[in-house]
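Trainee: I should like to learn how to read the features of a model such as this one. Might we begin with internal cavities?

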Amino acid sequence: GINAEYGAAKNVNPTMSAPYTFETLTVTLERDTGVLLVVMDQPKKLNRMTHAFFFEVRSCFQQADVDPDVRAVVLAANGPVFTAGLDLAEASGMIGISDEGGAGKLLDHIEDLQTCFVAIEKCRKPVIAAAHSKVIGGGIDLILAADVCMCDAKATFCVLETKMAIVADLGTLHRITRKCSRSMASYMALTGAKVSAEEALRSGMVSHVWKDESTLRQAALAAAREMASNSPLVVQGTKRVLNYSAEHSPEDSLEYVAMWNQAFLRSDDLGEAVGAFFEKRKPVFKCRL
């Protein structure tokens, strides 16, 4: 698959500083840039989301969050589709939990699954989702948890839960109005209809549309490398402020960023950036959160 050209080996990369060992994900680190490539890698199963997948995503992004060698993350997929969404055969067993232990037990299970994609959002490193072909159901929850989403020209997006008589509960309804217009968000969530790449671009769900999957992967990696070349202190601080601002008033957000810069503005990275500018060289940033 596409991932082969980056030297990816299934499960663990022995050069990594953290044990990224998974069954549903292939993970590789560009040590010279600090870009972590996380690939959903069950193409024969259309990257359907199983219990194992959810908790491996959580583990992966929790590891990336604290890994000092990681500066940015690209989330992509191998196979004919990005993801076909929730594994319905396994999900039917989840729904049966309510018969065994009452509604409270099912509630606990849903809230546990929600934390898996929250781990992407809470990861201090910026995350770019590279979505190709079909992005169905839980795939929408997944890409909306990323900081940036790009797609290929053939991509389609569908909140399939609506068609399956389920209220989307892993983050779509919470995050979609932060990424899309309210009208498009309501259209997708209430109809369950497929939305094209161009419609997703116009609505703001994706930042770019690339001609094919290979170009998409390269573009996402290039953007991640650009992010990784900036001061980790500033990039991670900017992500934190952006996420805070999405949930708070302009006044609270301005106070938050002022307090942030009061604490972190006079970092070594600022001096390095200024020195590199005048010396016409590439800065070497070392300060981290």
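Mentor: The largest cavity has a volume of about 30 Å³. A cavity is a set of points, on a 1 Å grid over the protein atoms alone, where a 1.4 Å probe fits but cannot get out; its volume is the space filled by probe spheres set on the points, which are joined across faces, edges and corners. Please note that this is a predicted model, in which local features need pLDDT of at least 70 and side-chain atom pairs pLDDT 80 or more, whereas totals for chains, interfaces and linings use all residues. Residues are numbered from 1 along each chain as its sequence is written, and side-chain values use heavy atoms, without hydrogens and water.

Trainee: Which residues line the largest cavity?

Mentor: Lining residues have an atom within 4 Å of a point. Here they are Thr 24, Met 40, Asp 41, Gln 42, Asn 47, Arg 48 and Phe 53.

Trainee: How should a nonpolar core be read, and which residues of the largest one touch the most other members?

Mentor: In soluble globular proteins, nonpolar side chains tend to be buried together. A nonpolar core is a set of buried Ala, Val, Leu, Ile, Met, Phe, Trp, Tyr and Cys residues joined through side-chain atoms within 4.5 Å; buried means under 20% relative accessible area, exposed over 50%, and partly exposed in between, with a 1.4 Å probe and protein chains only. In the largest core, of 53 residues, Phe 117, Ile 143, Phe 157 and Met 205 touch the most other members. Helix 1 (residues 51-66) gives the most to this core, with six residues. A second, separate core has 16 residues, including Val 35 and Ala 130.

Trainee: Is Ala 155 buried or exposed?

Mentor: Ala 155 has 1% relative accessibility and therefore counts as buried. Contact means heavy atoms within 4.5 Å. Beyond its neighbours within four places in sequence, Ala 155 is in contact with residues including His 132 and Ser 196. The C-alpha atoms of Ala 155 and Ser 196 are separated by 6.3 Å, although the two are 41 residues apart along the chain.

Trainee: How many aromatic pairs are found?

Mentor: Rings of Phe, Tyr and Trp (its six-membered ring) pair if their centres lie within 6.5 Å; planes under 30 degrees apart count as stacked, over 60 as edge-to-face and the rest as tilted. The whole structure has five aromatic pairs. The ring centres of Tyr 244 and Tyr 256 are 4.0 Å apart and their planes at 10°, so this pair is stacked. Phe 277 and Phe 278 are edge-to-face, with 5.4 Å centre to centre and 80° between the planes, and both are exposed.

Technical notes:
On a 1 Å grid over the protein atoms alone, a cavity is a set of points where a 1.4 Å probe fits but cannot get out, and a pocket is an open set with protein on both sides within 12 Å along at least five of seven lines; lining residues have an atom within 4 Å of a point. Helices (H or I, at least four residues) and strands (E, at least two) are DSSP runs, numbered from the N terminus.
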